[in-house]
Amino acid sequence: MAEPLLRVENLVKHFPVKGGFFSREVDHVRAVDGVSLHIDAGETLGLVGESGCGKSTSGRCILRLIEPTSGEVWFEGKNVTAMQADALRLVRRDMQIIFQDPYASLNPRMTVGAIVGEALTIHALADTAKAYDDRVVDLLETVGLHADHRLRYPHEFSGGQRQRIGIARALAVSPKLIICDEPVSALDVSVQAQVINLLEDLQQKFNLTYLFVAHDLSVVEHISTRVAVMYLGRIVEIASARDLYTAPKHPYTEALLSAVPIPDPKVKRKRIVLEGDVPNPIKPPAGCHFHPRCPRAEERCKSEAPLLREIAPGRVSACHFSA
Ligand code: SF4
């Protein structure tokens with residue numbers, strides 16, 4: 001089988017918890033606890049789960065914006081986790097990120113032209129001032145903004161426009177993979193669809209590959225080729241988008257999906273309301289992490305952690321009873 005564009009093996013990120021008189025390390029937040037996944041060139045993998053499940057941390061560890069505690073990230077057959085600074089700088093041209101908050105992620109003191117063109121300077125991608133300016137204009141127009149916008153500042157733009165600026169910035173280095181870290185969750189619902197449509201168009205045009213992080217299955221439904229569902233630092237299910245939305249196998253996926261509205265009023269879906277909150281990732285429950293909230297939990301779930309196992313070709317689930 002061909003090597004996927006991105007392969008993540010057993011990625012772990014634990015953040016130290018300090019306490020006591022000497023501020024010693026007393027425990028760990030298990031933010032990402034053994035995530036493995038792959039993404040083929042040209043596809044979109046949706047990564048979904050409630051706030052705090054580790055999906056954004058996983059995205060940042062893949063790019064090494066945060067150093068993982070352990071595990072490996074392979075991009076085009078190269079081990080990103082073992083790279084020194086120079087090699088990492090080069091590979092970051094191919095792997096970009098769009099951040100969740102278009103208000104906080106743009107430097108308010110820089111013009112839009114300087115924000116979008118910054119990477120051109122860092123990676124020496126424009127030989128002359130004219131080449132730089134032409135490329136900035138081209139990038140702005142590609143994301144639906146105007147050439148004149150390069151002279152203005154981020155605060156002069158709406159949330160949707162700011163996210164377009166963030167997308168133009170990511171495109172500046174012609175990346176192969178973009179990690180979209182909740183790119184629409186800070187936007188009005190009416191603007192969300194426009195940004196998702198833009199990302200889909202750009203994917204076609206530039207043959208991009210996306211890891212699309214979202215807390216809501218409805219957001220990634222149309223853009224994803226496959227979807228991975230995370231709970232408390234671990235992947236609990238991965239399936240093609242069609243299989244996952246029509247026949248979820250993991251009880252947590254079923255619960256998330258039951259909250260997604262169906263546009264056809266004749267189709268009824270029973271809402272599964274999960275009891276309680278996501279448990280503390282410092283002391284996750286024994287056995288299956290999901291058992292305190294799982295409507296299908298049995299005695300063995302309290303002590304025996306289910307493995308993420310293949311239940312059909314290309315489909316994995318971490319539940320003792322998935323088949
Ligand atoms: Fe629920 Fe048990 Fe399956 Fe975990 S292993 S998801 S607790 S049924």
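This is a short walk through a predicted model, from its first strands to the surroundings of its ligand.

Let us start near the N terminus, with strand E1, residues 6-19. E1 has two antiparallel partners to look at. With strand E2, residues 24-39, E1 forms 12 bridges, and with strand E4, residues 70-75, E1 forms 5 bridges. To find the register by eye, look for Phe-15 opposite Val-29 in E2, and for Glu-9 with its bridge partner Glu-72 in E4. The hairpin of E1 and E2 has 4 residues between the strands, and there Gly-20 adopts a positive phi near 80°.

Staying in E1, pause at Asn-10, which is found in this strand. Most residues other than glycine have a negative phi. Asn-10, however, has a positive phi, near 50°. Because its relative accessibility is 47%, Asn-10 counts as partly exposed. Further along the chain, Asn-207 also has a positive phi, in this case near 55°. Asn-207 sits in the loop between helix H6 (189-206) and strand E8 (209-214). With a relative accessible area of 56%, Asn-207 is exposed, since the cut-off for that class is over 50%.

Now turn to the interior and find helix H9, residues 251-258. Of its 8 residues, 7 are buried, so H9 is largely enclosed by the rest of the structure. The buried ones are Pro-251, Tyr-252, Thr-253, Ala-255, Leu-256, Leu-257 and Ser-258. Which elements cover them? Their cover includes strands E3 (44-48), E9 (226-231) and E10 (234-240), together with helices H7 (217-220) and H8 (241-246).

Next comes Arg-315, in strand E12, residues 315-317. Is Arg-315 buried or exposed? Its relative accessibility is 6%, so Arg-315 counts as buried, the limit for that being under 20%. Setting aside residues up to four places away in sequence, Arg-315 touches several acidic side chains' residues, namely Glu-237, Asp-243 and Glu-310, among others. Its contacts also include Ile-238, Ala-239, Leu-244, Ala-247, Pro-248, Lys-249 and Arg-309. For a sense of scale, the C-alpha atoms of Arg-315 and His-123 are separated by 39 Å, with these positions 192 residues apart along the chain counted as their spacing.

We finish at the ligand, which has 13 residues around it. Those that come nearest are Cys-288, Cys-294, Cys-301, Cys-319 and Phe-321. By class, the shell holds 9 nonpolar, 3 polar and 1 charged residues. The space that the ligand takes up is the largest cavity.

Conventions. Residues are numbered from 1 along each chain as its sequence is written. This is a predicted model: local features need pLDDT of at least 70, side-chain atom pairs count only at pLDDT 80 or more; totals for chains, interfaces and linings use all residues. Side-chain values use heavy atoms; hydrogens and water are left out. A residue is near a molecule or strand if one of its heavy atoms lies within 4 Å of it. On a 1 Å grid over the protein atoms alone, a cavity is a set of points where a 1.4 Å probe fits but cannot get out, and a pocket is an open set with protein on both sides within 12 Å along at least five of seven lines; lining residues have an atom within 4 Å of a point. A molecule sits in a cavity or pocket if more than half of its atoms lie within 2 Å of its grid points. Ala, Val, Leu, Ile, Met, Phe, Trp, Tyr, Cys and Pro count as nonpolar, Asp, Glu, Lys and Arg as charged, and the others, Gly among them, as polar. Buried means under 20% relative accessible area, exposed over 50%, partly exposed in between (1.4 Å probe, protein chains only). Contact means heavy atoms within 4.5 Å. Two strands pair if DSSP finds at least two bridges between them.
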